Every structure is written in structure tokens, then in C-alpha cells.
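Please open the structure in your viewer and keep the selection tool at hand. The tour goes from stop to stop, each time saying what to select and what is there.

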Amino acid sequence: MRWLKFTAAGNTSWGLVEGDKVIPVSGDPFGEWQRGAQSHALKDVKIELPLIPRTFYCVGLNYLKHLKEAADKAGTVPNVPDRPEIGYRAQNALIAHDEDVVIPATATEKIHYEGELVVVIGKKAKHLNEANAMSCVFGYTIGNDVSERTWQKADRSLWRSKNADTFKPMGPWIETDVDLDRMETAIRVNGKETGRFRTNEMIFGIVPFIVELTKYFTLWPGDVIWMGTDGASPDLKAGDVVEIDITGIGTLRNRFVAGSGRMPTRS
């Protein structure tokens, strides 16, 4: 099933995407719900954030190529992690499909994308093991972990380089039925492909992260885990449009624009 949060005729609700139609749903996918009798054309609705997570977990350096490129830029030897490394992102940074990423006026030219698979948790879970870890997964969506790399190097934390307003596009919907081993992630900038990798070829997959997380934290319905990216990004500029496509889910698209006080570099 493909669950969409959308606005039509001034009303925001959950819906099911079926082909080019959206079927409104009363209730929500994490509890009781009922399918409506009417439908909307998908092209006519405003796609909203699929959800606001209670906790926004993230994975760092979870693909070998990305790890090597990060080490090369730092002039160091790649240090492959021996256990899952877990971090957080901020809710204020989230925006929906087709909403604008605003480049802060004080940012440098080192604005980069990171196309990521996002795991959506569907039920409360604690102390899971390898055998039952996937039982708490509801579905999957797409994230763009936008980063300002100069700030990332300068700050002891990632408070602004990863979490500035609008730096975390997510969407367009939640897909519950996917084949992880058949997935590819493809990224385009202004229609030109700039990256492609097998989505599930992670250093640590979804199961190890859920096992590690639930040793210490309770997962709740609507929590999300962003699973990291592979490859490198070009420097992005105002006017660029980034599309992240993941097999079986769809495409997340966002335009980058200049923030207040910053002159646009493209029309």
C-alpha cells in the first residue's frame, strides 16, 4: 500500500495512492482507518510531509564508497565501523516533496545532497533481535539529507550543517510493499543523473540498526530511521532541482532557492 498525507479543497488527511488517484482515508495507517468513497487526481492535490516523527534517527557513513570519499577528502584512511553508528536530526528541518530547500544567506557553496532510504516504524518496540527486528517496520519513504559541508567541518556538532530549516526533504509518501534487494537509488540534478547505487548494499542493514536502537530506546509508531547514502554530491546552487528516485517507492523532488539576503545564482 502507498500511504499519502495530502491537502485537497482545504482539508488535510491521509489517503491511499492507487495509480494516478488518491483515495481519502479516515483515521491513520498506525491505527484504525476506513477507506473513503471519493477520490482525487494525484496531480491536483498538495503532497504534505508523510509524517512528523516523534524521534528522527539517522545513520552515518553506512556505504563503503561514501566512507572512502569522506576519508579521501580528509586525507585519512577509511575507518570502517564495527557496529552501527546512530545519530539524530531535527524536526524543524523537515519539508515535503516539491517544497523548497532554502540555502541560508551565510552558507558557503558547499551545499550537498544525500539521497537516503527512510525506514518508517509502525509499532512500539523494545529489545528486538535479528529474528523479529523487521516486525516493527511499517514502510519506507525517501529522504534528502542536505548538508553544508563547511559548517560540518567547523562545528563540533552538526547543529546547523545538517539541521537548518528546510534541510531535510522527506516523501513523497510511505510505501509498505518493497523488495529491498531489488532497490536502486538514483539521484538527478536538473534532470541529469549524478549518482546511482544499490540501495540495500549498506555496511549495516536495517536489522542491525533496529536491534542496536531497541537495546536502549523504545521505538514508536511514526519514528523514522534515515539509512545513509553512497557516493558524493556536486556543489548545489540556488535554482538547482534535486530528484531522488528509489525503486518501488517513487521520486522525491525539491528545488534549492536562495535565502533572504542571498543573491540568486540562477534564474
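Begin by selecting Ala 9, which counts as exposed because its relative accessibility is 79%, a value over the 50% that marks the exposed class. Keep in mind, here and at every later stop, that this is a predicted model. Ala 9 sits in the loop between β1 (2–8) and β2 (11–18), and its phi is near 55 degrees, which is a positive value in a residue other than glycine.

Next, select Ser 39, which you will find in the loop between β4 (33–35) and β5 (40–41). Is Ser 39 buried, partly exposed or exposed? With a relative accessible area of 39%, Ser 39 is partly exposed, because that class lies between 20% and 50%. Now add Ile 23 to the selection: Ser 39 and Ile 23 stand 16 residues apart in sequence, while their C-alpha atoms are 4.6 Å apart in space. If neighbours within four places in sequence are left aside, Ser 39 is in contact with Lys 21, Val 22, Ile 23 and Pro 24.

The next stop is a sheet. Select β10, β20, β19, β16 and β17, which in this order form an open sheet of five strands with mixed pairing. The strands β10 (101–103) and β17 stand at the edges and have a single partner strand each, so one side of each is left without a neighbour in the sheet. As you look from one strand to the next, the twist averages 20 degrees. It helps to recall that strands of a sheet pair through backbone hydrogen bonds, either parallel or antiparallel.

Start at the edge formed by β10, which pairs with strand β20 (residues 250–258) in the parallel sense over three bridges. Within this part of the sheet, Val 102 stands opposite Val 257 in β20.

Then move to β16 and strand β19 (residues 241–246), which pair in the antiparallel sense over five bridges. To see one of the matched positions, select Thr 185, whose bridge partner in β19 is Ile 246.

While β19 is on display, select Glu 243, which is found in this strand. Glu 243 has a relative accessible area of 17% and is therefore buried, since the buried class covers values under 20%. Which residues does Glu 243 touch, not counting those up to four places away in sequence? They are Ala 186, Ile 187, Arg 188, Gly 191, Thr 251, Leu 252 and Arg 253.

From there, follow β16 to its other partner: strand β16 (residues 184–189) runs antiparallel to strand β17 (residues 192–198), and six bridges join the two. Select Ala 186 together with Arg 196, its bridge partner in β17. The hairpin of β16 and β17 has two residues between the strands, and Asn 190 has its place in the loop there. Although Asn 190 is not a glycine, it has a positive phi of about 55 degrees. Asn 190 counts as partly exposed because its relative accessibility is 43%.

For a change of scene, select Gly 171 and Pro 172, which are joined by a cis peptide bond with omega about 0 degrees. Pro 172 lies in strand β15 (residues 168–175).

Now select helix α3 (residues 206–216), where Ile 206, Phe 209, Ile 210, Val 211, Glu 212, Leu 213 and Thr 214 are buried. If you also show β7, β8, β12 (115–121), β13 (137–144) and β18 (224–226), you will have the strands against which the buried residues of α3 pack.

The last stop is the largest pocket, in which about 810 Å³ of space lies. Its lining is made of 36 residues, and to find the centre you can select Leu 61, His 66, Ala 70, Arg 149 and Gln 152, which are the closest to it. The elements that give two or more residues to this lining are β7 (56–59), α1 (64–74), β8 (86–88) and α2 (149–154). Which element gives the most to the lining of the largest pocket? It is α1, with seven residues. Colouring the lining by residue type will show you twelve nonpolar, 13 polar and eleven charged residues.

Key: Residues are numbered from 1 along each chain as its sequence is written. This is a predicted model: local features need pLDDT of at least 70, side-chain atom pairs count only at pLDDT 80 or more; totals for chains, interfaces and linings use all residues. Side-chain values use heavy atoms; hydrogens and water are left out. On a 1 Å grid over the protein atoms alone, a cavity is a set of points where a 1.4 Å probe fits but cannot get out, and a pocket is an open set with protein on both sides within 12 Å along at least five of seven lines; lining residues have an atom within 4 Å of a point. Grid points are joined across faces, edges and corners, and a volume is the space filled by probe spheres set on the points. Helices (H or I, at least four residues) and strands (E, at least two) are DSSP runs, numbered from the N terminus. Ala, Val, Leu, Ile, Met, Phe, Trp, Tyr, Cys and Pro count as nonpolar, Asp, Glu, Lys and Arg as charged, and the others, Gly among them, as polar. Two strands pair if DSSP finds at least two bridges between them. Axes are lines fitted to C-alpha atoms, for helices over the stretch in contact, and angles run from 0 to 180 degrees between N-to-C directions. Buried means under 20% relative accessible area, exposed over 50%, partly exposed in between (1.4 Å probe, protein chains only). Contact means heavy atoms within 4.5 Å.
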